[in-house]
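Subject: Handover of the two-chain model

Dear colleague,

I am passing this structure on to you, and below it you will find my notes on what turned up when I went through it. Please read them with the structure open beside you.

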Amino acid sequence: MASGEKTSYKPYLFLAPALLLFAVFGIVPFYLLLKTSLLNWDGISLHPQFIGLGNYWEVIAQDSGFWKSFVQAGYVTLLALTVQNALALLLAIAVNRELPGKMIYRTIFFLPPILSEIVVGLIWVWIYDGNFGILNAILSSIGLGDLARAWLADPRTALTAVSVVHMWKGFGWGFVIFLAGLQTIPEELYEAARVDGADAWFRFWHITLPLLAPVLILVSILTILGTMQIFAIIIVTTQGGPAGHTEVPVWQIFSSMLGSRRFGYACAQGIVFGMILLTVSLIQMRLQKKAA
Amino acid sequence: MRRILATSLFAVIAGVWVAGCGGAKTAQSNGPAPIRVWHWMTDREDAFNELAKRYKEETGQEVSFELYAPTDIYEQKVRAAAQTDGLPEIYGILGEMRGLASFIQAGHVRSLEDVMSADGDAWRNVFFPKALAVNAFQPNNTYGVEPGVYGVPIDVMSIQLYYNKKLLAKLGLDPNQPPQTWEDFMQVGKLAKEQGLIGFVSGWAELWLIDCYATTYAIHTMGMEKVQQTYEGQVAYTDPDWQRVFGLFSEMRDSGMLAEGIVTMVNKRAEQLFANEQAVFAFNGTWGINVYDTMNPNLDYGIMLPPRVGNNEVVTWGGAGSSFFVNAKSDRQDASIAFLKWLTDVPQQKYLLEQTKNIPANRVAAADLPEKLQAFAKVIDAAIHPRLFALQEDSKVIETFDKGVQSILIGESTADQVSQKVAQAKEREASRQAKLAEANGQR
């Protein structure tokens, strides 16, 4: 055997630990998930019943609650994509200038993402409380007492109220990535534009935004994936209520697994959900390539 | 070099493998291996640890209580452990009878019928019968489980109405005469609203508490037999009696007595509102006494059954509060049973009562209870619990039911609409179950 052939397995040896970990924690669980999704199983019984694609049929064709939860998560995602990311971008542009104490602002803006979702959720529950909440107290003190309500329990406001918590918690991530993106734009471009008489608005539209396009797409992908999987904040603030108005796909999966004890069905819901997110990500990655 | 790399890789993999296979039994001490007990009861952690210490002193047997909370996390832990045969010697199983049946049929729970029956039912006679009944399967049960007792109750509970005496007096009512009828209850609720007080509070974001309230009134208005017939599919949820039950929630909403945001309120928050003297009534369980007394030692409250709608007696939800099961796959079953016998003996039960203000499952230990606990204890023998039904309702139907009640409470649906929605959910589930049974039969 030639010496070149002898050493050819060396790279694989180095890769082996990573491959092993990936197989154990990635491929095997996915295989088990796929297998379980074909069963009618409560997670304990020794005799799970094979039902083929029955769970998938039920998820896709009969489970209106699951699709409603998609629409609701989509609403939160839409708000996050627009309001949250616009706020993140504005703040990133603001602190990208030579401001006194800009490091303090940067730290403050990045604080919410590092806080526990549970803690954030609990704080907002107090703020939104319909009986003795701070928000209602403020509204009453400025003469808007008529607007006071149980924000998380009113079907007209519950989902938006939860979205606000999610956006408050999440805008810091977008802020940091936008800030990093802004710092890669050469200052000379702005200087040249200023010399040519371009105003701030023109510079934003014709320099900042185009050069930030790949970052915008990246932030959008992360926002969509992160927001569609919103869960902990829902558990703490509304538990999916009132009457299912804040249920999201992950809540539905959780509820199928631990509420209805239908492990197979929950796995099928998980796979359908994963496939949809994968499709969205692929479309966005294609857009990102185009933008690049 | 290659050999070194290959050997290192092998060593790492082998190390991980060996560590993974080791499990909890690798920890050996000089005495017998410890009995591990998994539980979710944060309020009883210190008391359990103290009892474990006493047991070690008395017998030399080490017992380690391992707390996993909240209950959702605990349930996940137990289910995951069951799938890998990693359950401890003693553990609790939460949820429905159907779930307990699966654990038993998968060989994870030891039947205690033999030890309960030994010496002329000596151990069995220690407990409140209702507390044992929620952990027992009757002959010819629908789950196909061998009849007998499977769990050991540690305490018993029931769920009733707490009322604040000071606030009743503030409303101009006799603080020792809380409303006994539904009409009077609604009147007090309206009065509370007019005075700027919260009339009624409960953690109705937690669907089981809504279910508990609704089931109490369903059994009260139509009787246990008819409720059971509904679960069996012989009576529809569109039946006038069920519509009446849904209608009660509409009346509560219309009276204005409900706390703002009750449908997304967890019970901890509801308990705070009652303890802080902001609500006149609270629907809560026996554990509330400990919670309220800790939060506000000056709170002056009484306990009453939910008010009557008709002439029937109100039977409240109750039974075993928490129970332990013995792992049938453990090689320490006898030691585990010996510990549970000790734990349910009078001195230990009295100690738990003292420390946690829960009603002991041991009748002798519960003979001399403080006044407030007596209000709960006296209804235990007549209490109902979903686990006592020959067949429990399907969880998907329960979910639709409870969410339906929430939608009534927020004014989104009428009682009639909800009863139809639940009836449809029931039909869908029945059809799904029939298809599954058919597929099983063909196999």
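A word on naming comes before anything else: helices (H or I, at least four residues) and strands (E, at least two) are DSSP runs, numbered from the N terminus, and a loop is named below by the elements on either side of it. Please also keep in mind that this is a predicted model.

With that naming, Ala243(A) sits in the loop between H12 and H13 of chain A, and although this residue is not a glycine, its phi is positive, at about 50 degrees. Ala243(A) has 24 other C-beta atoms within 10 Å and therefore counts as buried, the cut-off being 20 or more. The loop between helix H12 (232–237) and helix H13 (249–259) of chain A also holds Pro242(A), and the peptide bond leading from Gly241(A) into Pro242(A) is cis, with omega near 0 degrees.

Chain B offers a counterpart to each of these features. Glu277(B), which is not a glycine either, has a positive phi of about 60 degrees, and its place is in the loop between helix H12 (267–275) and strand S8 (279–285) of chain B. Glu277(B) counts as partly exposed, because it has 17 C-beta neighbours inside 10 Å. A cis peptide bond, with omega about 0 degrees, joins Ala69(B) to Pro70(B), and Pro70(B) is found in the loop between strand S2 (63–67) and H3 of chain B.

Turning to chain A as a whole, it has 14 helices and two strands, and of its 292 residues 36% count as buried. Its radius of gyration is 24 Å, whereas a compact globule of 292 residues would have one near 19 Å, and its C-alpha trace spans about 75 × 70 × 30 Å along the principal axes. Among contacts in chain A between residues at least 6 apart in sequence, 71% join residues at least 24 apart.

Two helix pairs deserve a look. In chain A, the axes of helix H4 (residues 64–95) and helix H11 (residues 200–228) come within 9 Å and cross at roughly 145 degrees, and this crossing of H4(A) and H11(A) is right-handed. The residues that meet there include Ala73(A), Val76(A) and Ala80(A) of H4(A), with Val219(A), Thr223(A) and Ile224(A) among those of H11(A); by class, the contact has seven nonpolar, six polar and no charged residues. In chain B, helix H9 (residues 207–222) and helix H10 (residues 224–231) have axes that come within 7 Å and cross at roughly 120 degrees. Ala218(B), Ile219(B) and Met222(B) of H9(B) make this contact with Met224(B), Lys226(B) and Val227(B) of H10(B), and these residues divide into five nonpolar, no polar and one charged.

Helix H11 (residues 240–255) of chain B has 16 residues, which at 1.5 Å a residue should span 22 Å, and its end C-alpha atoms are indeed 22 Å apart. Among its buried residues are Trp242(B), Phe246(B) and Phe249(B), and just after H11(B), Gly256(B) takes a positive phi of about 80 degrees.

Finally, the contact between the chains takes 33 residues from chain B and 28 residues from chain A. On the side of chain B that touches chain A, the largest share, six residues, comes from H17(B), and by class that side has 15 nonpolar, ten polar and eight charged residues.

With best wishes

Methods:
Residues numbered from 1 in each chain as written. Chains lettered and ligands numbered in written order. Predicted model: local features only at pLDDT ≥ 70, side-chain atom pairs only at ≥ 80, totals over all residues. Axes fitted to C-alpha atoms, helices over the stretch in contact; angles between N-to-C directions. Contact = placed C-beta atoms within 7 Å. Nonpolar A, V, L, I, M, F, W, Y, C, P; charged D, E, K, R; others polar. Rg over C-alpha atoms; globule rule 2.2 N^0.38 Å. Buried ≥ 20, exposed ≤ 12 C-beta atoms within 10 Å, placed from the backbone. Expected span 1.5 Å × (residues − 1). Left-handed = near helix turned anticlockwise from the far one by under 90°.
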